[in-house]
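Here's a quick tour of a protein chain, with a few spots worth pulling up in your viewer. Have the sequence and the coordinates to hand.

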Amino acid sequence: MKPEEKFLPLNERYSQVYLGRGIHTLGLIGWILAQTGPADVIVTTFSTSIEFLSGFFNLRKKKLIRSATMVADLKASQKTMRLNALLSSCFENVFLAENHSKVVLIATDDMKVSVISSQNNTYGGRIECTFVTTDTSIYDNIYADIGKMIEKSHKINKNGDK
């Protein structure tokens, strides 16, 4: 299912939510970037997948992503480390933290978009809940909290230690 089948364009609705099957985080990121243009992206997840990373890499190749940071969970680090080469191709900064959140922040000079989801960066058939908002105060609060999480994290990709 395409995000536009369940969500209105970002400029038409301030906040939107969908509870159901078929909306995947990668498709949602692509849908948002098609509306915002090139943006800075932050992703938090418990777990990621080669499918998500390959698709994210394609968004980078299209120059839709200016910069990208990922925070994944320490408990899923064994799987995450196996994907480290692809992670480093997608994200300038990759951190491991005590994280179970599933958040995407997308920012341009003109817009801030927050996505809060129950879905990991994987493809399953479960019912998931996804909330999308352009409320800048929500974005700013989540951004600040991710910064605090990163302060207590471990950087794992080629760009060196924190």
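## Helix H1 and what follows

A residue counts as buried when its relative accessible area is under 20%. Going by that, the buried residues in H1 are Thr 25, Leu 26, Leu 28, Ile 29, Trp 31, Ile 32, Leu 33 and Thr 36. Keep in mind that this is a predicted model.

How far apart are the end C-alpha atoms of H1? They sit 16 Å apart, and that agrees with the 16 Å expected for the 12 residues of the helix (residues 25-36) at 1.5 Å a residue. Right after H1 comes Gly 37, with a positive phi near 85°.

## An aromatic cluster on H1

There are five aromatic pairs in the structure. One of them joins Phe 7 and Trp 31: it's tilted, with 35° between the planes and 5.8 Å from centre to centre. Phe 7 belongs to the segment before strand E1 (15-20) while Trp 31 is in helix H1, so this pair ties together parts that are 24 residues apart in sequence.

Both partners are tucked away: Phe 7 counts as buried at 3% relative accessibility, and Trp 31 does too, at 10%. Add Tyr 18 to Phe 7 and Trp 31 and you have one aromatic cluster.

## Val 43 and Asn 121

Val 43 is part of strand E2 (residues 39-44). With a relative accessible area of 0%, Val 43 is buried. Leaving out residues up to four places away in sequence, Val 43 touches Ile 29, Phe 52, Phe 56, Thr 69, Met 70, Val 71, Phe 91, Val 103, Val 104 and Asn 121. Ile 29 in that list is also one of the buried residues of H1.

What about Asn 121? That residue is in the loop between strand E6 (112-117) and strand E7 (128-133), yet Asn 121 counts as buried, at 3% relative accessibility. Val 43 and Asn 121 are 78 residues apart along the chain, and their C-alpha atoms are separated by 9.1 Å. Beyond its neighbours within four places in sequence, Asn 121 is in contact with Thr 25, Val 43, Thr 45, Ser 47, Thr 48, Ser 49, Phe 52 and Met 70. Phe 52 and Met 70 turn up among the contacts of Val 43 as well.

## Lys 63, out in a loop

Is Lys 63 buried or exposed? Lys 63 is exposed, because its relative accessible area is 64%. You'll find Lys 63 in the loop between helix H2 (50-61) and strand E3 (65-73). Its phi is near 65°, a positive value in a residue other than glycine.

Conventions: Residues numbered from 1 in each chain as written. Predicted model: local features only at pLDDT ≥ 70, side-chain atom pairs only at ≥ 80, totals over all residues. Heavy atoms only, no water. Helix = DSSP H or I, 4+ residues; strand = E, 2+ residues; numbered from the N terminus. Buried < 20%, exposed > 50% of the residue type's maximum accessible area, 1.4 Å probe, protein only. Contact = heavy atoms within 4.5 Å. Expected span 1.5 Å × (residues − 1). Phe/Tyr/Trp six-rings, centres within 6.5 Å; stacked < 30°, edge-to-face > 60°.
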